[in-house]
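Load the model in your viewer and keep the selection box handy. We will walk through one chain, cross the contact, and finish in the other chain.

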Amino acid sequence: MELFLQFVLPLAFVVVMLLLGSTIGRNRERRHFAELDQRESASRGLVVTDLKTVPAGMEPANATLVVGATVIASDYLKTFLSGFRTIFGGEMRSYSTMIERARREARLRMVEDALRKGALAVINVRFETSPIAMNSGRNVAPMSEVLCYGTALLPAGR
Amino acid sequence: MIVVNTETIPGYEIVETKGLVQGNTIRAKHIGRDITASLKNLVGGELTQYTELLTESRRQAVERMIQQAQQLNADAVVNVRFTTSSIAAGAAELYAYGTAVKLVKTSSSVAPQAASAPAMAPRATGTPGTTPPPPPTAG
C-alpha cells in the first residue's frame with residue numbers, strides 16, 4: 001500500500017498528464033496552424049517589412065504604431081520530452097513549433113491591427129521574445145511572450 | 001500624439017529633438033490567473049489572460065511615455081522600442097522608450113493632389129526586379 005502511494009500513484013499521474021497533454025495539445029496545435037495559414041493568406045495584400053524606409057511609390061500622410069502580442073506555454077509532454085533533449089542536445093523541435101505559433105500569431109495580430117486602421121503598409125517591424133516564467137518550479141512549463149511591433153503607414157484622411 | 005518606431009514620420013519633418021522619454025510598469029500575475037495558467041500548462045497553447053495582462057500593461061507604459069512627451073511639449077515620439085523582462089518570479093516589467101520630437105508638416109503632404117497623382121505610376125513599376133540597383137558608394 002505504501003509502495004502504491006509512493007511510486008505507482010505519482011507515476012500514473014505523470015502518465016495521465018502526458019497522455020492528456022499530448023493529445024489535446026497536438027490537436028489544438030494542428031487547428032491553430034490551420035487557422036494561421038488561413039488568416040495569413042487573407043492578409044497577404046499588406047506590405048510588411050522590417051526596412052525603415054517607406055516602400056517605393058507610397059505617399060503616406062501619417063503613421064502610427066501597431067502592436068501584436070501573445071503569451072504561449074508549451075504542453076506537458078513537450079516539457080517532459082525537452083528534459084531528455086537537454087541531455088543529448090540537438091534541435092528542440094517541440095519548442096520550435098511552439099515559438100513559431102506564437103510568432104506568427106503576434107505578427108498576424110499586428111497586421112490585423114494595421115488593416116483595421118486602414119494602413120498602406122507596416123514598416124520597421126521588430127520581434128521580441130521574452131521568457132515570462134522559467135522552467136524552475138515543478139510542473140511549470142516554460143512560458144514566453146512574443147511581441148511584434150511596427151509602424152503602420154496611413155493614407156491621407158486617416 | 002503620433003507614436004512610431006521609425007526614425008522619421010512620413011508626411012512630417014522633425015524640427016526639434018526634445019530628448020528621450022520613457023514609461024514603465026511592473027505587473028505581478030495574480031493567483032487566479034496563475035491557476036488557470038497552470039491548467040493551460042497541461043495542454044500548451046496561448047495563455048489568453050497573460051496576453052491581455054501584458055497588452056494592457058504595455059499600453060500603460062506607452063501612456064506614461066506619452067505623458068512625459070506631453071510635458072516636454074512634443075508632437076510625437078519616434079524610434080519607440082519595447083522591452084519585457086521578468087524581474088522576479090511572477091513579475092514582469094514592461095518598458096517603452098523613444099525620442100520626443102517637434103514636427104512640421106512637409107510641403108508634399110500639404111498639397112495631396114500633387115503628391116498622390118504621380119505616386120501611382122512608380123508604384124506599378126516599383127517591383128524589386130525592375131528597379132535599377134543603387135550605385136556603389138565610394139569609400
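A residue is called buried here if 20 or more other C-beta atoms lie within 10 Å of its own, exposed if 12 or fewer, and partly exposed in between, with C-beta atoms placed from the backbone. Helices (H or I, at least four residues) and strands (E, at least two) are DSSP runs, numbered from the N terminus.

Some housekeeping before the first stop: this is a predicted model, in which local features need pLDDT of at least 70 and side-chain atom pairs count only at pLDDT 80 or more, while totals for chains, interfaces and linings use all residues. Residues are numbered from 1 along each chain as its sequence is written, and chains are lettered from A and ligands numbered from 1 in the order in which they are written.

**Stop 1: chain A as a whole**

Select chain A and colour it by secondary structure. You should find 3 helices and 4 strands, arranged along the sequence as α-β-β-α-α-β-β. The radius of gyration of chain A is 21 Å, well over the 15 Å that the globule rule gives for 158 residues, so chain A is more spread out than a compact globule. That radius is taken over C-alpha atoms, and the rule is 2.2 Å times the number of residues to the power 0.38. Along the principal axes, the C-alpha atoms of chain A fill a box of roughly 75 × 25 × 25 Å. Buried residues account for 35% of the 158 residues in chain A.

**Stop 2: helix H1 of chain A**

Now select residues 2-42 of chain A, which form helix H1. What span should its 41 residues have at 1.5 Å a residue? The expected value is 60 Å, and the end C-alpha atoms are 59 Å apart, which agrees. (The expected span of a helix is 1.5 Å times one less than its number of residues.) Zoom in on Val8(A), where H1(A) has a kink of about 35°, shortly before the proline Pro10(A). The bend at a residue is the angle between axes fitted to the seven residues ending there and the seven starting there. H1(A) is hardly covered, with a count of 2 buried residues among its 41 residues.

**Stop 3: helices H2 and H3 of chain A**

Move on to residues 76-88 of chain A, helix H2, where Tyr76(A), Leu77(A), Lys78(A) and Thr79(A) are buried. Just after H2(A), click on Gly89(A), which takes a positive phi of about 80°.

Next comes helix H3, residues 93-116 of chain A; its 24 residues reach 34 Å from the first C-alpha to the last, close to the 34 Å expected. The buried residues of H3(A) include Met98(A), Arg101(A), Glu105(A), Met110(A) and Asp113(A). Just after H3(A), Gly118(A) takes a positive phi of about 75°.

**Stop 4: where the chains meet**

Show both chains. The contact takes 46 residues from chain A and 36 residues from chain B, where two residues are in contact if their C-beta atoms, placed from the backbone, lie within 7 Å. E4(B) gives the most to the side of chain B that touches chain A, with 5 residues.

Now highlight strand E2 of chain A (residues 62-73) together with E3(B): the two pair in the antiparallel sense over 2 bridges. Strands count as paired if DSSP finds at least two bridges between them. To see this pairing up close, select Ala73(A), which stands opposite Gly45(B) in E3(B).

**Stop 5: the strands of chain B**

Hide chain A. Chain B has 5 helices and 5 strands, in the order β-β-α-β-α-β-β-α-α-α. Of its 139 residues, 30% count as buried.

Select strand E2 (residues 12-28) and strand E5 (residues 91-105) of chain B, which pair in the antiparallel sense over 15 bridges. Add E4(B), which runs antiparallel to E5(B) and is joined to E5(B) by 10 bridges. Which residue of E5(B) is the bridge partner of Gly19(B)? Pick Ala100(B) to see that partner, and then look for Val77(B), which also stands opposite Ala100(B).

**Stop 6: Ser57 of chain B**

Finish at Ser57(B), in helix H2 of chain B. Is Ser57(B) buried or partly exposed? It counts as partly exposed because it has 18 C-beta neighbours inside 10 Å. Leaving aside neighbours within four places in sequence, Ser57(B) is in contact with Thr25(B), Arg27(B) and Leu94(B). One last distance to draw: the C-alpha atoms of Ser57(B) and Asn24(B), 33 residues apart along the chain, are separated by 8.7 Å.
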